[in-house]
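This report describes where nonpolar residues lie in one protein chain, at the surface and in the interior.

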Amino acid sequence: MLPFLAAAALPTGESAPIASLQEEMDVITLATQSGGMVFFVLLVLVFFSLSSWAIIIWKFWELRGARRRSAQFVDAFWRSKRLDRLYAELAEHESSPVGEVFAAGYQEAEQVLKTRSREGEEDSSVLTSEMTGVESVERALRRAANEQVSRLERMLTFLATTASATPFIGLFGTVWGIMNSFREIGARGSAGLAVVAPGISEALIATALGLLAAIPAVIAYNHYQGRVKVIADEIENFTADFLNLVDRHFMRL
């Protein structure tokens, strides 16, 4: 009964400002009707947030597919008895990071063998030639591995930038909005709730939106960096195994 009596005791003229204030405090209304600089900050934060979510979804499918295709290729590699046949069937393992590294190493090894065959070296120089060939294959493998890891890390820097920059962008919008609230107090000569609430609310929306953009970005960045590291380790292990195979059977490739 008390709240009802209190509401009934209010003059009719005082309920209108309260309803109007509640309408002005609506989040979407505050965002769309915010001042020029604060509105620009909100647009920037929305851009970062939407872009981050697009990258998060894209990288999820890209890294998931890369991990699956690499595992399939490694399994096919160890089941295969002829590397030339595996190389000919490489189209079945398209976009596999490990498969791309294998292709680069196999092409380099084949090129070295063709060069040695043309030159027709003497037996005394075979050991030196083999060591040079293995080192050449290793360089090709390392270069291809770095390219694949760089490809997998593509656009992750944007997530890192979003995670580190958007809280400060939101804070800038908050400070600017509070400055506008104090300016409004000075202009009206009053510090009532109806005067300062809209400005402070729109300022805090900037902070909230900045955190809303930053939190998913930093979580996704750390998670995807871990997944890229797992794939990079798989590439590193395959590179070592392939080099051992080349070292033992260089003349049979």
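Helices are taken as DSSP runs of H or I with at least four residues, numbered from the N terminus. The model is predicted.

**Surface patch**

By this numbering, helix α8 gives the largest share of a nonpolar surface patch, six residues. The patch has an area of about 770 Å² and is made by M37, F40, F168, L171, F172, V175, W176 and M179. Two or more of its residues come from each of α4 (36-79) and α8 (156-188).

Is L171 buried, partly exposed or exposed? L171, which is placed in helix α8, has a relative accessible area of 45% and is therefore partly exposed.

**Nonpolar cores**

In soluble globular proteins, nonpolar side chains tend to be buried together. The largest nonpolar core here has 38 residues, and the members that touch the most others are F73, F77, F102, L159, F238 and F242. At least two core residues are supplied by each of α4, α5 (83-88), α6 (97-119), α7 (126-152), α8 and α9 (193-248). Helix α9 contributes the largest share of this core, 10 residues.

L159 can be followed further: beyond its neighbours within four places in sequence, L159 is in contact with S52, I55, I56, A217, A220, Y221 and Y224. A second core, separate from the largest one, has seven residues, including V41, L45, I205 and A206.

The two cores are set side by side below.

| Core | Size | Residues, among them |
|---|---|---|
| Largest nonpolar core | 38 residues | F73, F77, F102, L159, F238, F242 |
| Second, separate core | seven residues | V41, L45, I205, A206 |

Notes
Residues are numbered from 1 along each chain as its sequence is written. This is a predicted model: local features need pLDDT of at least 70, side-chain atom pairs count only at pLDDT 80 or more; totals for chains, interfaces and linings use all residues. Side-chain values use heavy atoms; hydrogens and water are left out. Patches are made of residues with over 30% relative accessible area and no salt bridge: like charges are joined within 9 Å, nonpolar side chains (Val, Leu, Ile, Met, Phe, Trp, Tyr) within 5 Å. Accessible areas come from the Shrake-Rupley method with a 1.4 Å probe; for residues, only the protein chains shown count as cover. A salt bridge is a side-chain nitrogen of Lys or Arg within 4 Å of a carboxyl oxygen of Asp or Glu. Buried means under 20% relative accessible area, exposed over 50%, partly exposed in between (1.4 Å probe, protein chains only). A nonpolar core is a set of buried Ala, Val, Leu, Ile, Met, Phe, Trp, Tyr and Cys residues joined through side-chain atoms within 4.5 Å. Contact means heavy atoms within 4.5 Å.
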